[in-house]
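Ready for a bit of practice with a protein model? Grab the sequence and the 3D view, and try each task before you read its solution.

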Amino acid sequence: MNEGLDAYRALEAKQQPQWPDLAAVQKVSEELSSQPPLVFAGEADQLRARLAAAARGEAFLLQGGDCAETFEAATADKIRDRVKTLLQMAVVLTYGASMPVIKVGRMAGQFAKPRSSDTETRDGVTLPAYRGDLVNGYDFTPESRAVDPNRLTRGYHVSASTLNLIRAFTQGGFADLRQVHEWNKGFVRTPANQRYESLAAEIDRALKFMEACGVDHTALTQTEFYVSHEALLLDYERPLVRIDSRTGLPYGTSGHMLWIGERTRDLDGAHVELLSRLRNPIGVKLGPTASVDDALRLIEKLDPEREPGRLTFITRMGAGKIRDVLPGLLEGVRDSGAQPLWITDPMHGNGITTETGYKTRRFDDVMDELRGFFEAHREVGTFPGGIHVELTGDDVTECLGGSENIDEATLATRYESLCDPRLNHRQSLELAFQVAEELKK
Ligand code: PEP
Ligand code: MN
């Protein structure tokens with residue numbers, strides 16, 4: 001059965017780098033194949049079980065992190081602040097949903113990017129496009145943009161150290177619910193965020209109640225945290241496939257959950273083929289042109305057994321389209337009897353470029369798509385099972401709006417993303433409070 005793991009090699013693989021030296025890629029591939037797995041099969045199974053609960057309407061998924069992680073930014077402080085932001089959001093969402101929130105970072109492997117063009121031209125100079133730190137460097141010089149397979153091994157090691165820190169933070173006391181809530185209290189104390197004070201006060205009372213009841217110490221101080229990324233680069237993903245010694249089945253061990261992007265989800269393409277063979281929970285992005293037929297065929301290929309938690313559809317329609325296109329898609333899939341987990345990515349359908357050349361997104365458009373997502377699910381009677389957002393724990397200025405009112409002139413002050421614009425720490429919390437209000441409805 002495992003011979004099938006290489007069937008993808010005969011198919012078209014979009015968005016792959018043109019490696020100049022295939023022998024070097026082969027060597028790196030052998031090296032990666034001999035490394036320990038980054039995540040374990042049992043953990044991926046546990047996440048699948050958690051996602052199954054979300055698909056049934058009994059849990060909510062929070063998935064978030066950078067558009068593109070970088071090797072340079074994999075520092076303790078930045079990783080801590082991203083984890084902290086996700087934990088803070090999760091507390092608010094848990095309260096709003098009255099359900100467990102499954103925390104999944106776009107972290108420890110989100111190093112490869114699909115691009116609309118193979119090349120980039122600046123001031124008359126054309127170089128290969130930046131495809132993420134797993135492939136080449138961002139600096140606009142021929143040396144940096146040259147693709148280098150040794151980056152695949154570096155990416156593995158950076159992912160390992162990132163994951164190590166995440167495990168330490170989430171198991172070692174940093175995730176203490178009371179501490180996380182204290183951070184949130186700091187956030188709502190600022191005048192711009194006072195509208196969230198009453199929700200924070202309700203959470204305060206709920207926590208005191210739990211403590212008074214003597215809720216188990218572990219439940220308050222530790223949390224499950226999973227990692228995920230777009231499984232884009234097949235020369236990274238394939239060598240990290242391992243056969244689980246318990247079951248003899250293949251798992252992608254580069255991350256707990258792997259997703260297929262909007263540009264590589266062709267049914268007869270290499271990405272869908274390879275991921276169809278793995279036992280991990282799999283996500284697929286669906287943009288506004290996705291038809292019911294596309295969704296049903298993806299279900300048939302990726303989840304033929306209709307296994308709960310196996311497949312997550314991550315819709316990214318755009319605020320202007322979601323109310324028109326999502327209900328039909330939900331209905332078509334519902335009527336087929338399938339029950340995938342549906343979550344929304346309110347970021348990728350809402351990109352704009354300012355006159356000054358910044359790629360950005362409006363906080364209000366992001367919120368509008370989120371509301372459209374909840375409306376569509378309410379209309380069809382399906383469960384709005386989670387959110388997928390690009391965010392950072394830093395005070396960057398990449399998305400417009402939010403209670404700090406970031407305007408076009410402010411974008412330049414701290415725009416750090418090498419790819420898509422991320423919500424900053426405060427915008428992320430604001431989003432969580434607003435989604436919690438939506439969930440309480
Ligand atoms: C992304 O998640 O960064 C991305 C490229 O998204 P999509 O596949 O939805 O375009
Ligand atoms: Mn992105």
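Below are five exercises, each with a worked solution.

This is a predicted model, in which local features need pLDDT of at least 70, side-chain atom pairs count only at pLDDT 80 or more, and totals for chains, interfaces and linings use all residues. Residues are numbered from 1 along each chain as its sequence is written, while chains are lettered from A and ligands numbered from 1 in the order in which they are written.

**Exercise 1. Helix 1 against helix 5**

Task: work out how helix 1 and helix 5 pack, and which residues make the contact.

Solution:
- Start with what you need: two packed helices are described by the angle between their axes and the distance between the axes.
- Find helix 1 at residues 22-33 and helix 5 at residues 150-171. Helices (H or I, at least four residues) and strands (E, at least two) are DSSP runs, numbered from the N terminus.
- Now the geometry: the two axes come within 8 Å and cross at roughly 20°. Axes here are lines fitted to C-alpha atoms, for helices over the stretch in contact, and angles run from 0 to 180 degrees between N-to-C directions.
- That angle makes helix 1 roughly parallel to helix 5. The cut-offs are under 35 degrees for roughly parallel, over 145 for roughly antiparallel, 65 to 115 for roughly perpendicular, and oblique for the rest.
- Helix 1 brings Val 28, Glu 31 and Leu 32 to the contact, and helix 5 brings Asn 150, Leu 152, Thr 153 and Tyr 156. Being in contact means that the C-beta atoms, placed from the backbone, lie within 7 Å.
- Sort the residues of this contact and you get 4 nonpolar, 2 polar and 1 charged. For the sorting, Ala, Val, Leu, Ile, Met, Phe, Trp, Tyr, Cys and Pro count as nonpolar, Asp, Glu, Lys and Arg as charged, and the others, Gly among them, as polar.

**Exercise 2. Helix 3 against helix 6**

Task: is helix 3 roughly parallel or roughly perpendicular to helix 6?

Solution:
- Helix 6 covers residues 177-189, and its axis comes within 9 Å of that of helix 3, crossing at roughly 90°.
- So helix 3 is roughly perpendicular to helix 6.
- On the helix 3 side, look for Lys 84, Leu 87, Gln 88, Val 91 and Val 92; on the helix 6 side, for Leu 177, Val 180, His 181, Trp 183 and Asn 184.
- Those residues divide into 6 nonpolar, 3 polar and 1 charged.

**Exercise 3. Helix 11, helix 12 and the loop that follows**

Task: describe how helix 11 packs on helix 12, then say where Pro 340 sits.

Solution:
- Helix 11 (residues 292-302) and helix 12 (residues 322-336) have axes 9 Å apart, at an angle of about 45°.
- Helix 11 is therefore oblique to helix 12.
- Val 292, Ala 295 and Leu 296 of helix 11 meet Gly 328, Leu 329, Gly 332, Val 333 and Ser 336 of helix 12.
- The tally for this contact is 5 nonpolar, 3 polar and no charged.
- Pro 340 is in the loop between helix 12 and strand 11 (341-344).
- Pro 340 has 26 other C-beta atoms within 10 Å, so it is buried. A residue is buried with 20 or more other C-beta atoms within 10 Å of its own, exposed with 12 or fewer, and partly exposed in between, with C-beta atoms placed from the backbone.
- Beyond neighbours within four places in sequence, Pro 340 is in contact with residues including Ile 299 and Val 333.

**Exercise 4. Two positive phi values**

Task: Asp 123 and Arg 306 sit in loops; which is exposed and which is partly exposed?

Solution:
- Asp 123 lies between strand 3 (119-122) and strand 4 (125-128), and its phi is near 45°, a positive value in a residue other than glycine.
- Asp 123 counts as exposed because it has 5 C-beta neighbours inside 10 Å.
- Arg 306 lies between helix 11 and strand 10 (311-315), with a positive phi near 55°.
- Arg 306 has 14 C-beta neighbours inside 10 Å, so it counts as partly exposed.

**Exercise 5. Into the core**

Task: which helix gives the largest share of the largest nonpolar core?

Solution:
- The largest nonpolar core has 115 residues, and Leu 61, Leu 62, Leu 93, Ile 166, Leu 275 and Ala 432 touch the most other members. A nonpolar core is a set of buried Ala, Val, Leu, Ile, Met, Phe, Trp, Tyr and Cys residues joined through C-beta atoms within 7 Å.
- Helix 3 (residues 76-97) gives the largest share, 11 residues.
- Ala 432 is in contact with Met 89, Val 92 and Leu 93, leaving aside neighbours within four places in sequence.

Terms used: Contact = placed C-beta atoms within 7 Å.
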